[in-house]
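Hi everyone, thanks for coming along. I'd like to walk you through one structure this morning, so please have it open in front of you.

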Amino acid sequence: MTSAIFAEAPYPIRSDLDRATREAWEFLGKPGNWWTGAERAAFVSEVRSARDCRLCADRVDALSPYSVQGEHAIASALPAVAIEATHRLTTDAARLSEKAIREFNAAGLSDEAYVEIVSIVSTVMGIDGFCDALEIPLLPLPEVQAGGPSRYRPAEAVDDGAWVPMIPRDGAGENEADLYTGRFTPNVFRAMSLVPDAVRNLLNLLAAFYVENVGNLKARNSLDRRQIELLAARVSALNECFY
């Protein structure tokens, strides 16, 4: 029997939330498409280091992040461009631009490797934020699994108007047929489709953490619709979420 990842939480945690979190955390320690398991675990450390990084804080307060120079509070031996991308995504994602992505490319970070970093950062921030909300310690670094990255890139990914290649809504091939299954595919899924496993990880987390049925909120929630909308709007504003 698999132990509960939130067994020590002071509040009862639904089993599906516990399962989804455990699977996502294990996923972070596995070799990905473009990074090894050890490198992916190192990104977890960098996300957490960025939270207390003086350079990142100064850049957030500046009119432009490009106006502030310095060194990041690093926590790994990852390439400098990967650390820069991780810290920017963690602390100042709202001001990332296509210019920044092209600068990452020029410094040796491929679109595929960047999209995988986006997946890792968003997963860590979501789970760490959940731990913060519960007022429990952050999870220990994921257990690293040996092996090299697969280097898998979906053949259907093309320039479809975004900053990175992605699979068109009607262009998923047989290997990625599970990614776009609904009547409408949100752009947040499409944006990470260059790394299909990143989308699968996101879908697994959303299935547990997101509101499953807005028309029947009482099925899994003790809050009513107005309370949920108020909390969602406040969290979105704090996170500078353009949605």
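Let me begin with a word I'll lean on: a residue is called buried when its relative accessible area is under 20%. And please keep in mind that this is a predicted model.

With that in hand, let's go to helix H4. Its buried residues are Val 81, Ala 82, Ile 83, Glu 84, Ala 85, Thr 86, His 87, Arg 88, Leu 89, Thr 90 and Asp 92. That is eleven of the 13 residues in H4, so the helix is largely enclosed by the rest of the structure. What do these buried residues pack against? Their partners are H2, helix H3 (54–61), H5 and H6. As for the geometry of H4, its 13 residues should span 18 Å at 1.5 Å a residue, and the end C-alpha atoms are 17 Å apart, which agrees.

Let's zoom in on one residue of H4, His 87. Is it buried or exposed? His 87 has 0% relative accessibility, so it counts as buried. If we skip residues up to four places away in sequence, His 87 touches Glu 46, Ser 49, Ala 50, Cys 53, Cys 56, His 72, Ala 73 and Asp 92.

Now for the partnership between H4 and H6. These two pack at an angle of about 45°, and their axes are 10 Å apart. Angles of 35 to 65 degrees fall outside the parallel and perpendicular classes, so H4 and H6 are oblique to each other. Their crossing is right-handed. On the H4 side, the residues that meet H6 are Ala 82, Ala 85, Thr 86, Leu 89 and Thr 90, and across from them in H6 sit Tyr 114, Ile 117, Val 118, Val 121 and Met 125. Here is a bit of textbook background for that pattern: an α-helix has 3.6 residues a turn, so residues three or four places apart point the same way.

Let's step back to the nonpolar core. The largest one has 51 residues, and those with the most contacts inside it are Trp 35, Phe 104, Leu 109, Tyr 114 and Ile 117. Which elements give two or more residues to this core? They are H1 (15–28), H2 (37–50), H4 (80–92), H5 (98–106), H6 (111–134) and H8 (196–209). The largest share, eleven residues, comes from H6. If you'd like one residue to click on, try Phe 104: beyond its neighbours within four places in sequence, Phe 104 is in contact with Val 81, Glu 84, Ala 85, Leu 96, Leu 109 and Tyr 114. There is also a second, separate core of five residues, among them Cys 53, Cys 56, Ala 62 and Val 68.

Next up is H1, which packs with both H6 and H8. With H6, the angle is about 140° and the axes are 11 Å apart. That makes H1 oblique to H6, and the crossing is left-handed. Residues of H1 in this meeting include Leu 17, Trp 25 and Phe 27, while those of H6 include Ile 120, Val 124 and Phe 130.

With H8, the axes of H1 come within 8 Å and cross at roughly 160°. The two helices are therefore roughly antiparallel to each other. This crossing is left-handed too. Among the residues that meet here are Asp 16, Arg 19 and Glu 23 from H1, and Asp 197, Asn 201 and Asn 204 from H8.

Let me finish with the loops. Asn 33 lies between H1 and H2, and with a relative accessible area of 4% it is buried. Leaving aside neighbours within four places in sequence, its contacts include Glu 116, Arg 151, Tyr 152 and Asp 197.

The loop between H6 and helix H7 (187–190) holds Glu 135, and Arg 151 is in that loop as well. Glu 135 has a positive phi of about 60° although it is not a glycine, and the phi of Arg 151, also not a glycine, is positive at about 60°. Are they buried or exposed? Glu 135 counts as exposed at 69% relative accessibility, and Arg 151 is exposed too, with a relative accessible area of 51%.

Methods:
Residues are numbered from 1 along each chain as its sequence is written. This is a predicted model: local features need pLDDT of at least 70, side-chain atom pairs count only at pLDDT 80 or more; totals for chains, interfaces and linings use all residues. Side-chain values use heavy atoms; hydrogens and water are left out. A nonpolar core is a set of buried Ala, Val, Leu, Ile, Met, Phe, Trp, Tyr and Cys residues joined through side-chain atoms within 4.5 Å. Buried means under 20% relative accessible area, exposed over 50%, partly exposed in between (1.4 Å probe, protein chains only). Helices (H or I, at least four residues) and strands (E, at least two) are DSSP runs, numbered from the N terminus. Contact means heavy atoms within 4.5 Å. The expected span of a helix is 1.5 Å times one less than its number of residues. Axes are lines fitted to C-alpha atoms, for helices over the stretch in contact, and angles run from 0 to 180 degrees between N-to-C directions. Angles under 35 degrees count as roughly parallel, over 145 as roughly antiparallel, 65 to 115 as roughly perpendicular and the rest as oblique. A crossing is left-handed if the near helix is turned anticlockwise from the far one by less than a right angle, and right-handed if clockwise.
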